[in-house]
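Student: Please take a close look at a single part of this model. I would like to know how it sits in the rest of the chain.

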Amino acid sequence: MSFPRDRLRRLRETGSLRRLVRETHLAPHQFIAPIFVAEGNNIRHEIPSMIGQYRISLDQLVTEAREIAMLGIPAILIFGVPDQKDEEGSGAWDPNGIVPAAVKAIKKAVPDILVITDVCIDEYTSHGHCGVVKEGRILNDETLPLLQKMALVHAQAGADIVAPSDMMDGRVQAIRQALDTDGFHDIPIMAYAAKYASSFYAPFRDATQAGPMFGDRQSYQMDAANSREAMREIEADIAEGADIVMVKPALPYLDIIYQTRQTVHLPVAAYQVSGEYSMIKAAAQKGWLDEECAMMESLLAIRRAGADLIITYFAKDAARLLQRVV
Ligand code: PBG
């Protein structure tokens, strides 16, 4: 037989052939679009380190949510950027705070879009940590009641899903209990289950004007070197009642997404974080990368690794592109 019998190039010859045998697909319904909501009026402030992403005020929010829904994206993830912070983070469970107000406004105007809220006090604390601070330590159990209050306030405002991102042990169970006790049995929890202490969150901290005032998050977020531990985190959150588990960041942690997909039967979400977004944007701005190609390739890689859902700042751009090219 003449060499080679197998010619893998046969199925690559034309666009139609490539489409026919394509294994992984991207669609707008797989995306969740993050939104930063600021206090005030008429604010649409571009985040310097996240080109094309904005902190917007309530009055702009409905337009934004409508646009996202029109693109076929089923869900948004809301982050509040409050004006006031305090030691305790009390703004986090203020029923009249920025996030409950945002949830109400969106659910009223665009009822079909799913509103997911980030449950973590770091944007509301003056020290910028995700838990109660005492003598320089981040306390676990003391933080749980605060997360319960925060999740409840979000559910009462009409949030469809709550997403704890704090990485305290036992928070999924605590939040599940609080929700159930208050009659919110049907509100799912999307747990930031394997959340790493990552340098790729830096632009997000610029966006939310948050971030630790002392130390770092390594005593509660995961060590980048560990993968077996990620499976323990995922198993723990599932045992505590998580409905969706998340891996974060995405692209540098594709092996974790893959392992999670192989191990669990829940929907798996991956968070393509701010730094992943900004790297592509910045390189594209310099003309070093083709932005659309790099965007789609990175999203596809995250899907190929096994993510069902992708939280991404590219959600709108990618959805627009998918509407254009079939
Ligand atoms: C914490 C939170 C962070 C992100 C989402 N939720 C920051 C952190 O843990 O330091 C990062 C998201 C991103 O970088 O896009 N509330």
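Helix α4 and its surroundings

Tutor: Right after α4 comes G158, which has a positive phi, near 115 degrees. This is a predicted model, in which local features need pLDDT of at least 70 and side-chain atom pairs count only at pLDDT 80 or more, while totals for chains, interfaces and linings use all residues. Residues are numbered from 1 along each chain as its sequence is written, and side-chain values use heavy atoms, with hydrogens and water left out.

The helix itself covers residues 144–157, 14 residues in total; helices here are DSSP runs (H or I, at least four residues) and strands are E runs of at least two, numbered from the N terminus. From first C-alpha to last, α4 reaches 20 Å, close to the 20 Å expected at 1.5 Å a residue, where the expected span is 1.5 Å times one less than the number of residues.

Because 10 of its 14 residues are buried, α4 is largely enclosed by the rest of the structure. Buried means under 20% relative accessible area (1.4 Å probe, protein chains only). The buried positions are L144, L146, L147, M150, A151, L152, V153, H154, A155 and A157. These residues pack against two helices, α3 (98–109) and α5 (171–181), and against the strands β5 (114–119), β6 (132–134) and β8 (161–164), with contact taken as heavy atoms within 4.5 Å.

Strand β9 (residues 190–195) is also largely enclosed, because 6 of its 6 residues are buried. It runs parallel to β10 (residues 244–248), joined by 4 bridges; strands pair if DSSP finds at least two bridges between them. Within this pair, A191 is opposite V245 of β10.

Notes. Buried means under 20% relative accessible area, exposed over 50%, partly exposed in between (1.4 Å probe, protein chains only).
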